[in-house]
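Visitor: I am new to this structure and would like a close look at a single part. Please choose one, take it slowly, and explain your terms as you go.

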Amino acid sequence: MNTNGHHPDTNGRDPLRADEWLEARHAANREQTSPFARGRSTNGTPPPPPPVVEDHDPTSLPIFAGAWTSEQELPGRARSEFSLRPLVAPAPEEHHHNVPGADGRVELDWELIAQYRAEISSRLTARLDKEGGRVTDEDREQMGLDVIEELIKSEAETLVSTGRPPWTKDQEKALKSALHAALFGLGRLQPLVEREDVENIIVIARGPECAVWLELVDGTLVEADPIADSEDELREFLADLGARQNRPFTEARPHLDLRLPGGARLAAGSWVMAYTSVVIRRHGMREVSMDEMVYDRKACTAVLADFLAACVRAGKSIVVSGVQGSGKTTWVRALCSCIPPWEMIGTFETEFELHLHELVDRHKIVHAWEHRPGSGEVGIDGRQAGEFSLEEAIHHSFRFNLARQIVGEVRGPEVWNMLKAMESGPGSISTTHARSAEHTIEKLVSCAMEKGPQVTRELAISKLAAAIDIVMYLRSEVVPNGDGTFRKQRWVEEVLVVQPSIDAARGYATTPIFAPNQLGQAVATGKLDNFLAQELARHGFDLEAYKAESQANPGVATS
């Protein structure tokens, strides 16, 4: 039979050359998806079938393929069911260098990272079981890093063996960082928490959507990439974070308050809110001095800073008040910087935010207590198992020979913990939210009355007026720079001295020692009584500078 040089079954077509077949085969390999995502594509349609190659074509034999498909078994090699796929999508064939984008970012497949995290966690657990005994957190993390390295190396080899472009150093670095954050850190949230220009991270997840906004330190609000692919995924992420600190986040406990690695504070709510909402506050300044508040942050005058420092040294009890985001915690750290280093300090917080116990060069001895919520059903005493309250912490602290007891934020009945600290020793410092300096005492009265009907207004006022010496009120404002950018300003607006009073209507008296001038900044009024002035002078307060500032602002002094 005359075949004219053609195979009898090729229907007149020339057979594929080996190089043509290899190119078609490699193209098919590149288009294959992972076993995790098999049968799925970006538009929801099945992936296209690989090019058809005639079975009788000798070049179809595996020896000519040069690479094994994900469906094949390598001879003599047992494969597990777990198979990696590149987390960083390879660049198109004409861009084999895989250079990251102009912004230096590398896109990652977070759905697959979650699956790889589960595999890494499984392998790590197996290794820890083999180790037996007690393994330190550092050892556990190092073992996890080793597992990550092994998986990255294995996947890199797979890329090369299947003819795909290898990862660049930037891609490998991004991949390792993402897996480390997913296993030991905050996952997709980690890069945002590490940004120095971010003050608040706001997340709202509704169904399949997850919106993220960043409030920068200058007050600007910008949108960011999602940290979860759905509301359910965000809930799972939050529940995992809470479990690490024994703080459940479930429908039975629909709110979550905790501190994150690095010191940020997280507050989240779901199920009892319209959507799952999260707000994370980053504390940018941990170690701050009074000089920095005056000269770097322009938050007060040098005279006011001198007055506040003398109040701290004299053991006056101070309440720092203001609206949310006005800088109360930063000011408490600044005030605490005036405490002599030899004094032993106790801090009491629902979540660690002051971090005085970490400033060992400034504060030599700090005992830090943190509230711990309980879990499970409520016992006959009305409490959940494992709960440790701030009230218990205050009671426990009286055996620690403390010079000062500093209660962090007061939002409700915990005002009685603040009162107990102020009544038990000198120089306590606390914060609360209020709309003005005068309203601060009324706000604390309301908090005290939340304890129950046994607390009358008269009792609350008498306790607060006797315990609090100074109220300093903070103001914040976002102002334009004139060039299209903004900056957030925070400053002390007013300082009051609080005293008991026979006034039947109020039960307490307040005197503005520093009041706002025309710019809204607190300046001396000259109303400091002689007894307090002399006491503060013994602790370094410059009375002459105070008088000079009050004389330079006569309108404020007579207001």
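Guide: A word on burial to begin with: a residue counts as buried when its relative accessible area is under 20%, as exposed when it is over 50%, and as partly exposed in between, using a 1.4 Å probe and protein chains only. By that yardstick N246 is partly exposed, with a relative accessible area of 39%. N246 sits in the loop between helix 6 (231-244) and strand 4 (255-259), and has a positive phi of about 55° although it is not a glycine.

You are looking at a predicted model, in which local features need pLDDT of at least 70 and side-chain atom pairs count only at pLDDT 80 or more, while totals for chains, interfaces and linings use all residues. Residues are numbered from 1 along each chain as its sequence is written, and side-chain values use heavy atoms, leaving out hydrogens and water.

Helices and strands here are DSSP runs numbered from the N terminus: H or I over at least four residues for a helix, E over at least two for a strand. The chain comes to 16 helices and 18 strands. Of its 559 residues, 44% count as buried.

The part I have chosen is a sheet of 7 strands. This sheet is open, has mixed pairing, and follows the order 13-14-7-15-16-17-18. Two strands pair if DSSP finds at least two bridges between them. Strand 13 and strand 18 (522-524) are the edges; each has a single partner strand, so one side of each has no neighbour in the sheet. As background, strands of a sheet pair through backbone hydrogen bonds, either parallel or antiparallel.

Let us begin with strand 14 (residues 429-433). Of its 5 residues, 4 are buried, so the rest of the structure largely encloses this strand. Strand 14 has a parallel partner in strand 13 (residues 409-410), joined to it by 2 bridges, and V410 has T432 as its bridge partner there. Strand 7 (residues 318-322) also runs parallel to strand 14, with 5 bridges between them; G322 is bridged to H433.

Further along, strand 15 (residues 470-480) and strand 16 (residues 486-500) pair in the antiparallel sense over 11 bridges. V478 finds its bridge partner in K488 of strand 16.

Now for the helices on this sheet. Contact means heavy atoms within 4.5 Å. Axes are lines fitted to C-alpha atoms, for helices over the stretch in contact, and angles run from 0 to 180 degrees between N-to-C directions. Helix 8 (residues 302-313) lies across strand 7, strand 15, strand 16, strand 17 (508-516) and strand 18, running at about 145° to strand 17. Helix 11 (residues 415-424) packs on the sheet too, where it touches strand 7, strand 13 and strand 14, and its direction makes about 150° with that of strand 7.

Continuing along the chain from strand 14, we come to a pair of helices. The axes of helix 12 (residues 437-449) and helix 13 (residues 457-467) come within 9 Å and cross at roughly 125°. That makes the two helices oblique to each other; angles under 35 degrees count as roughly parallel, over 145 as roughly antiparallel, 65 to 115 as roughly perpendicular, and the rest as oblique. The contact is made by I441, E442, L444, V445, A448 and M449 of helix 12 and by R457, A460, I461 and L464 of helix 13. By class, this contact has 8 nonpolar, no polar and 2 charged residues. Here Ala, Val, Leu, Ile, Met, Phe, Trp, Tyr, Cys and Pro are nonpolar, Asp, Glu, Lys and Arg are charged, and the others, Gly among them, are polar.

For company, there is another open sheet, with 3 strands in the order 9-8-12 and parallel pairing. Its edge strands, strand 9 (366-370) and strand 12 (404-407), each pair on one side only. Strand 8 (residues 345-349) runs parallel to strand 9, with 5 bridges joining them, and G346 stands opposite H367. Helix 10 (residues 390-397) packs on this sheet, touching strand 8, strand 9 and strand 12. In the loop between helix 10 and strand 12 lies N401, which has a positive phi of about 55° although it is not a glycine. N401 is exposed, with a relative accessible area of 58%.
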